[in-house]
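Please look at the sequence and the structure shown below, and keep both in view while you read. The paragraphs that follow will take you from one part to the next.

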Amino acid sequence: MKNGLPLVVAITGASGAVYGIEALKALKTAGVPAHLVLSRAALQTIKLETAVTAKTVRALAAKLYEEDDIAAAISSGSFKTRGMLVAPCSIKTLSGIATSYADNLIVRAADVTLKERRRLVLMVRETPLHKGHLELMTKATEAGAIILPPMPAFYHQPKTVMDIVHQSVGKALDMFDIPHALFKGWEGAKGL
């Protein structure tokens with residue numbers, strides 16, 4: 001592994017598959033191996049929302065796992081990783097993580113990440129939110145997860161939708177101290 005421990009990346013069926021795809025590209029650029037799990041719903045969302053094929057997405061990963069492979073390496077705490085990013089994170093996946101209902105590899109790997117006290121970042125993609133969603137986010141946070149919904153920022157003066165996507169992905173990678181050039185961080189209000 002060029003840059004040490006792998007980062008587990010899961011892409012779920014929530015709208016915003018582009019966040020996971022761009023995270024995989026950035027990890028490849030940074031030399032960080034990505035261990036990828038795509039949910040079946042993610043495959044459909046990728047097809048509906050992007051011009052990228054599932055084959056292309058899979059090729060961005062150093063290692064692939066099937067959603068129902070509960071015996072995969074990432075399902076055990078003895079397999080060392082730098083943590084896990086779920087981008088985007090559906091409410092269904094959030095619910096499973098918050099309640100430790102590990103009925104698939106994505107939720108099991110997230111549960112392992114939490115029990116091993118590794119960083120788990122959830123790019124929850126839903127709006128508006130009702131009380132149940134907020135309670136699940138609170139429960140996941142109390143277990144150690146970081147809730148990082150893709151909220152656009154404008155201090156970097158984005159010019160394109162991809163600039164906005166990259167800022168959110170960059171924020172997620174910042175949580176793992178992974179270097180990137182996706183956006184320029186705030187350096188203060190110069191000359192104002």
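What follows is a walk through this predicted model, beginning with its sheet and ending with some unusual backbone details.

A helpful place to begin is the sheet, which is open and has six strands in the order S3-S2-S1-S4-S5-S6, with parallel pairing. Its edge strands are S3 and S6, the latter formed by residues 146-147, and each of these two pairs on one side only. As general background, the strands of a sheet pair through backbone hydrogen bonds, and the pairing can be either parallel or antiparallel. If you start from the S3 edge, you can see that strand S2, residues 34-38, pairs with S3 in the parallel sense over three bridges, and that His35 has Lys63 of S3 as its bridge partner.

Strand S4 deserves a slower look. On one side, three bridges join S4 to S1, and these two strands run parallel; here the bridge partner of Val9 is Leu85 in S4. S4 also pairs with S5 in the parallel sense, over five bridges, and in that pairing Cys89 has Val124 of S5 as its bridge partner.

How many of the residues of S4 are buried? The count is seven of its seven residues, and the strand is accordingly described as mostly covered. Both faces of S4 share in this, since Gly83, Leu85, Ala87 and Cys89 are buried on one side, while Met84, Val86 and Pro88 are buried on the other. One helix to look for around the sheet is H5, residues 105-115, which lies across S1, S2, S3, S4 and S5 and runs at about 135° to S4.

From the sheet we can turn to places where helices meet. The axes of H4, residues 91-99, and H6, residues 131-143, come within 8 Å and cross at roughly 45°, and these two helices are therefore oblique to each other. H4 passes H6 in a left-handed crossing, in which Ile91, Leu94, Ser95, Ala98 and Thr99 of H4 meet His133, Leu136, Met137, Lys139 and Ala140 of H6. Sorted by class, the residues of this contact are six nonpolar, three polar and one charged.

A second helix pair is H1, residues 17-30, with H7, residues 161-174, whose axes come within 9 Å and cross at roughly 65°. Here H1 passes H7 in a right-handed crossing. From H1 the contact takes in Val18, Tyr19, Glu22, Ala23, Ala26 and Leu27, and from H7 it takes in Met162, Val165, His166, Ser168, Val169 and Leu173. Nine of the residues in this contact are nonpolar, two are polar and one is charged.

Single residues can also show how separate parts of the chain come together. Ala17 is found in helix H1, and because its relative accessibility is 0%, Ala17 counts as buried. Leaving aside neighbours within four places in sequence, Ala17 is in contact with Ile11, Thr45, Ile46, Glu49 and Pro88. One of these partners, Thr45, lies in helix H2, residues 40-49, and Thr45 is likewise buried, because its relative accessibility is 9%. Not counting residues up to four places away in sequence, Thr45 touches Gly13, Ala14, Ser15, Ala17 and Thr50.

Ala72 offers an example from a loop, namely the one between S3 and S4. Is Ala72 buried or exposed? Ala72 is buried, because its relative accessible area is 5%. With residues up to four places away in sequence left out, Ala72 touches Tyr65 and Leu105. The C-alpha atoms of Ala72 and Arg108 are separated by 9.9 Å, although these residues are 36 residues apart along the chain.

We can close with the backbone itself. In general, most residues other than glycine have a negative phi, and most peptide bonds are trans. Against that background, a cis peptide bond joins Ala87 and Pro88, with omega about -5°, and this Pro88 is found in strand S4. Another cis peptide bond joins Thr127 and Pro128, with omega about -10°, and Pro128 is found in the loop between S5 and H6.

Ser100, in the loop between H4 and H5, has a positive phi of about 55° although it is not a glycine, and with a relative accessible area of 45% Ser100 is partly exposed. Gln157, in the loop between S6 and H7, has a positive phi of about 50° and is not a glycine either; at 56% relative accessibility, Gln157 counts as exposed.

How values were computed: Residues numbered from 1 in each chain as written. Predicted model: local features only at pLDDT ≥ 70, side-chain atom pairs only at ≥ 80, totals over all residues. Heavy atoms only, no water. Axes fitted to C-alpha atoms, helices over the stretch in contact; angles between N-to-C directions. Helix = DSSP H or I, 4+ residues; strand = E, 2+ residues; numbered from the N terminus. Parallel < 35°, antiparallel > 145°, perpendicular 65-115°, else oblique. Left-handed = near helix turned anticlockwise from the far one by under 90°. Contact = heavy atoms within 4.5 Å. Nonpolar A, V, L, I, M, F, W, Y, C, P; charged D, E, K, R; others polar. Buried < 20%, exposed > 50% of the residue type's maximum accessible area, 1.4 Å probe, protein only. Pairing = 2+ DSSP bridges.
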